[in-house]
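Biologist: Before I plan anything at the bench, could you take me through this assembly, interface by interface and then ligand by ligand?

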Amino acid sequence: MRETPARIVEVQVLRYRPEEDEKPVWQSYAVPFTEDMSVLQALQFIKDELDGSLAFRWSCRMAICGSCGMMVNGKPELSCQTFVRDLLPGPVRIEPLAHLPIEKDLVVDVEPFVKKLESIQPYIIPKEPRSLEQGEYLQTPHQLEQIEQFSSCINCMLCYAACPQFGLDPQFLGPGVLALLHRYNADSRDGGRAQRMPLLNAQEGVWSCTAVGYCSQVCPKHVDPANAVNQNKVESAKDYFLRFLSPKGGRA
Amino acid sequence: MQTFHADVAIVGAGGAGLRAAIAVAEADPKLKVALVSKVYPMRSHTVAAEGGAAAVTQAHDSLDAHFHDTVAGGDWLCEQDVVDYFVGQAHREMVQMEHWGCPWSRRDDGHVNVRAFGGMKIERTWFAADKTGFHMLHTLFQTSIKYPQIQRFDEHFCVDLVVEDGRVQGVVAIDISTGEFTLVQAPSVIIATGGAGRVFRENTNGGIVTGDGMALAYRHGVPLRDMEFVQYHPTCMPGTGLLFTEACRGEGGFMLNKDGYRYLQDYGLGPAEAKPRNKFMELGPRDRLSQAYWHEKQKGRTVTTRHGEVVHLDLRHLGEARLRERLPQIYELAVEYLGVDPAKEPIPVLPAVHYTMGGILADGSTAAPLQGLYSAGECSSVGIHGANRLGSNSLTELLVFGKVAGEQAAMNAKSAPVIDTARALAQAEAARERAQSLVTARDGTERIATLRREMAQAMEDGCGIYRSADSMQAACEKLAELKERVRNVRLDDTSKAWNTEWLLAIELGYQLDVAQAMAHSALERRESRGSHQRLDGFTERDDVNYLKHSLATYAGADAPRITYSEVKITRSPPGKRVYGAAGEQADAERKAKEAAHA
Amino acid sequence: MSYVRPMAGWWKRDPFFVRYMARELTAFAVLAYAVVLAVGLVRLAQGELAYNGWLRAVQSPAGLVMHLVFFVSFLVHCTSWFEIMPKTMPMMVLGGKRVSAAAITGFGTGLAVVVTLAVLAVARWLP
Amino acid sequence: MKRSHSPIFWLLFGAGGMLAALLGPALVYVTGVEAGGGLVVSPRAMDYATVHAFAHNWLGKGFLFFVVSLFAWHAVHRILCSLHDVGIHKTLPVKFGCYGVAAAVTAVSAYALLQV
Ligand SMILES: Cc1cc2nc3c(=O)[nH]c(=O)nc-3n(C[C@H](O)[C@H](O)[C@H](O)COP(=O)(O)OP(=O)(O)OC[C@H]3O[C@@H](n4cnc5c(N)ncnc54)[C@H](O)[C@@H]3O)c2cc1C
Ligand code: SF4
Ligand code: F3S
Ligand code: FES
């Protein structure tokens, strides 16, 4: 169902080819625009028809795999969920996600993020052991609600591109990972809180956050990572002062 | 070339690959696992599954009922002993996922909730809102982090298997970020690379679903089984093919034609009732619903839009509150991508390719007829889907058979003979040269996108919801032509780091091989069964000649060889596959017969 | 191999950041005001003459302008403080329903209004 | 990872911030914008007698002490962060400089209040 293109939109892409470029350069492409075209589809058109060397990640096209984050007109967005019709008349400016090292063109380095994610023990450390024969743990809808939002994180890293504190200090665990940490701490089945506390308590834990709040604004899945980070400042502060009182809070 | 020694190499880190990796780690903590994936695990396409995963849960349900739904749903082309194992393990695996933290939706009493799904007699589909696959995948990925013996090779693209002395000995992969090659040597290899839906034009699949693993095994002589059976999902977004989960109908959605009429009652699925009833109407199986759409289209009772002919999925009567609670993602998809508010307007939908029932030939323990090779997940044909998969059986399959594959591979690794590194390395070098020649050949003229588009169109025209010899023949010829032309591809990108165009070229090669297996298997099956429906005089099921699995065997540049193998029937002889009121009656008759036997 | 973009001037990149910086800048007014008060306390301790000198300085045109700047800064501080408050609190459930962010912000702002009126009332009708 | 000592300063920051949000506008108005009184507030509000009486009372002393010192602690913590934001990082001298100001304001106001 190829329709006749209504008009041409200029798409500017920040390109960086590690084998030839010293630093990123802008390149402009003319893309025929259709009414329901997403920014991702515009890039696919470029790759298919104009310039096969343009590199970017994508897969699901439905805002759930978290691959396709990029800066669109200066804002962190999932390109598959951002529509060219909302950006007319253009030009549409596309850059790799801010604050992250560029590997090539729109591809940023995800490895440090994944390493952080691995560091927080993102799995249930059972409060009380239970065998499979005993069936599922009971969890009320209300208990589920405590974690549901924080478990919806698709690891898209838009919040990292939004958070200046991460930009200033890449060691900062950052909103997405801290939301996930909170998701496990807040799970009624989990008893691993004490093991995760040292991460929260560090400067690179919650204490690098200055409550900018932009992370939550850009999050495509309404995870509200700023809330996860900032409510854990209270937890960390409690842990700081009460560690001498309670035997559990004491570990640094 | 980097080399890495592992006990088990797993290609693919979707639901099946991750479950297998954990199973190996739990089987024996001393075994080293190499988990190779062309995307970060959480990007795998399992993430997109919406509706849920089936396991007998309620007191009034039974393994027997799940068995019969599955076997009848598959039009009796299922391996019945394997189905028995499958339904028996399903619940345990669901509970295991719960223990690992999967946020299943709950009832007020704290127990896990289940929902209705197409073709299932009783509600038995576990769900996590309408993001079941997402939650399962992230739970599995995050749980896998617990095991240090699982060494991941994220964003590593597998280009070949190493096969020596009739045994698989490892895999060769490109590190996408550098373009360098890695040889992972391992006496056991599990392929868990997912489906191949993207060989079709309109599909619900992610960009990575290109049948790589199927092609890898196929090229090494492992047959692909039942490849003609490709599932069309009846409710997809026009234009993009994005899915509106079957749970929309499980929750009570209606299918309407252009006159606002619930047309499914005209296709043996009635009577139409206001409340959803399992195996009736909208809760019939996918193949039947997609076929009904096709007929409506022929009769001119569909709605014409910019993106083709559509019918309507009507959710209005469910109300905004319930939609937001049970189908939040669907709600957003409709609003954002279509500008349709499902609480106020019906959603335009049409069928799109969704699932590949067939795959790498595997026995009930996931082993391929190549020593050391196993497969699990959508790429595998372990035999539970037959000619049509029931919704929500596949997520369960990932778990049940991912685990089996992991355990089998672990066992094999412990007894396998030592690998000859030098010869493996020589093979890997050869694989590298083959792959790199795609970049270095500069005299080509073909564009990848053009070939890909032609392939997808040919498959849609030739192997769609309804097929005929002519259309399938045309598809076969087109594919043969494309296989010629693909050798003449020219890349714009000659760099090493993140050369995704190069990967696309390799994927296109995989896709063409898989497409050929599909088209030729389809052409040879002269009957109609499940998702394979013919118009050219073979409109009926033919149990005499075709109660058989097809096997497509690779033949290099030539067309694949198609042979057949027996179907394992243990206790459910082929019956009439009927739904709605007729289905109810057939069920009763079967029960009476069984009672008389006992 | 990979390229890291510089952070210099980041706060100019997005209107959201500009607003954030404005919020952070209120701290200078708060500090200055605290110092003005501290000086006032010292002068108060030194006796009536000294205190009146301080009061005159506060009432001078320059002092007035300064306090107007403080006043605006405190208003910015007050609104932004309650705007971010929902982010700092655990999930609250009232009557089975989750309390919305807007409700929390509204509650905080309302409280500030009440306190303000109370202070002004006391200052108007001194005991 | 090393435990951060931020909680101490963050709590002071939070307490001061809350106080400043609730009381700040009204206080600035009374003590500065309309220090002469007449319009909204009473002309006597900032008189030596009134203020002295207020600061003489132990409750009044406490109130003034907390307001002045917590405002200062709130402000310096935020300023420290802003300095980091513009590239002046939280090295020891910078921290001493910032928190030192708040400590001085605290000490001075405590001393003055005790003298009243
Ligand atoms: C939109 C949608 C909704 C669905 N909903 C449901 C549902 O509700 N219920 C249900 O039961 N089923 C559902 N399904 C089907 C089900 O989700 C899939 O069949 C299943 O998730 C496939 O999982 P997998 O692990 O086999 O493969 P995938 O999750 O696709 O993973 C494949 C993995 O292989 C890797 N890989 C592939 N090729 C290579 C290569 N060359 N080199 C290295 N790595 C490679 C990929 O990186 C990836 O990690 C749905 C499918 C779709 C598309
Ligand atoms: S918290 Fe939101 S923005 Fe951040 S990674 Fe997760 S989904 Fe993306
Ligand atoms: S933007 Fe950054 S500073 Fe905190 S509130 Fe979000 S993590
Ligand atoms: S392509 Fe998956 S999130 Fe956009």
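**Interfaces, ligand shells and local geometry**

Biologist: What kind of model is this, and how many residues of chain B are in contact with how many residues of chain A?

Modeller: This is a predicted model, so everything that follows is computed from predicted coordinates. Chain B and chain A bury about 5800 Å² between them, with 50% of that area on carbon and sulfur atoms. The contact itself involves 70 residues of chain B and 70 residues of chain A.

Biologist: Which three residues supply more than any other three of the area that chain B buries against chain A?

Modeller: The area buried between chain B and chain A is about 5800 Å². Of the part that chain B buries against chain A, one trio supplies 12%, more than any other three residues, and its members are R43(B), H99(B) and Y337(B).

Biologist: How many salt bridges and how many residue pairs in polar contact are there between chain B and chain A?

Modeller: One salt bridge between these chains pairs R152(B) with E118(A), and its closest N and O atoms are 2.8 Å apart. The full count between chain B and chain A is eight salt bridges. For polar contacts, where both residues must be at pLDDT 80 or more, the number of residue pairs is 41.

Biologist: Which element gives the most to the side of chain B that touches chain A?

Modeller: The residue pairs in polar contact across the interface of chain B and chain A number 41. On the chain B side, the helices that each supply at least two residues are α3 (80–99), α4 (132–144), α9 (328–338), α12 (448–462) and α14 (500–524). By class, this side has 22 nonpolar, 24 polar and 24 charged residues. The element that gives the most, with six residues, is α4(B).

Biologist: Turning to chain D, which three residues of chain A supply 36% of the area that chain A buries against chain D?

Modeller: Here 21 residues of chain A are in contact with 14 residues of chain D. The buried area is about 1600 Å², and carbon and sulfur atoms give 65% of it. The trio that supplies 36% of chain A's share, more than any other three residues, is L168(A), W207(A) and Y240(A).

Biologist: Which side chains meet in the salt bridge between chain A and chain D?

Modeller: Between chain A and chain D there are six residue pairs in polar contact, and the rule finds one salt bridge across that interface. The N to O distance in this salt bridge is 2.8 Å, and the side chains that meet are those of D239(A) and R3(D).

Biologist: Which element of chain A gives the most to the side that touches chain D?

Modeller: The count of residue pairs in polar contact between chain A and chain D is six. On the chain A side, two or more residues come from each of α5 (164–168), α7 (193–201) and α9. That side divides into eleven nonpolar, five polar and five charged residues. With six residues, the element that gives the most is α9(A).

Biologist: Which helices of chain A each supply at least two residues of the shell around ligand 3?

Modeller: The residues around ligand 3 include C163(A), C209(A), Y214(A), C215(A), A226(A) and N230(A). By class, this shell holds eight nonpolar, four polar and no charged residues. The helices asked for are α8 (214–218) and α9 (225–242).

Biologist: How many residues of each class, nonpolar, polar and charged, are in the shell around ligand 2?

Modeller: Among the residues that surround ligand 2 are C153(A), C156(A), C159(A) and C219(A), together with others such as M157(A) and P220(A). The shell divides into ten nonpolar, two polar and no charged residues.

Biologist: Where in chain A are P89(A) and P91(A), which follow cis peptide bonds?

Modeller: Most peptide bonds are trans. The bond from L88(A) to P89(A), however, is cis, with omega near 0°, and a cis peptide bond also joins G90(A) and P91(A). P89(A) is found in the loop between β4 (75–78) and β5 (92–95), and P91(A) likewise lies in the loop between β4 and β5.

Methods:
Residues are numbered from 1 along each chain as its sequence is written. Chains are lettered from A and ligands numbered from 1 in the order in which they are written. Side-chain values use heavy atoms; hydrogens and water are left out. A residue is near a molecule or strand if one of its heavy atoms lies within 4 Å of it. Helices (H or I, at least four residues) and strands (E, at least two) are DSSP runs, numbered from the N terminus. Ala, Val, Leu, Ile, Met, Phe, Trp, Tyr, Cys and Pro count as nonpolar, Asp, Glu, Lys and Arg as charged, and the others, Gly among them, as polar. Contact means heavy atoms within 4.5 Å. Buried area is the accessible area (1.4 Å probe) that two parts lose on being put together, summed over both. A salt bridge is a side-chain nitrogen of Lys or Arg within 4 Å of a carboxyl oxygen of Asp or Glu. A polar contact is a pair of N or O atoms within 3.5 Å; within protein, one must be able to donate a hydrogen and the other to accept it, and residues adjacent in sequence count only if both atoms are side-chain atoms.
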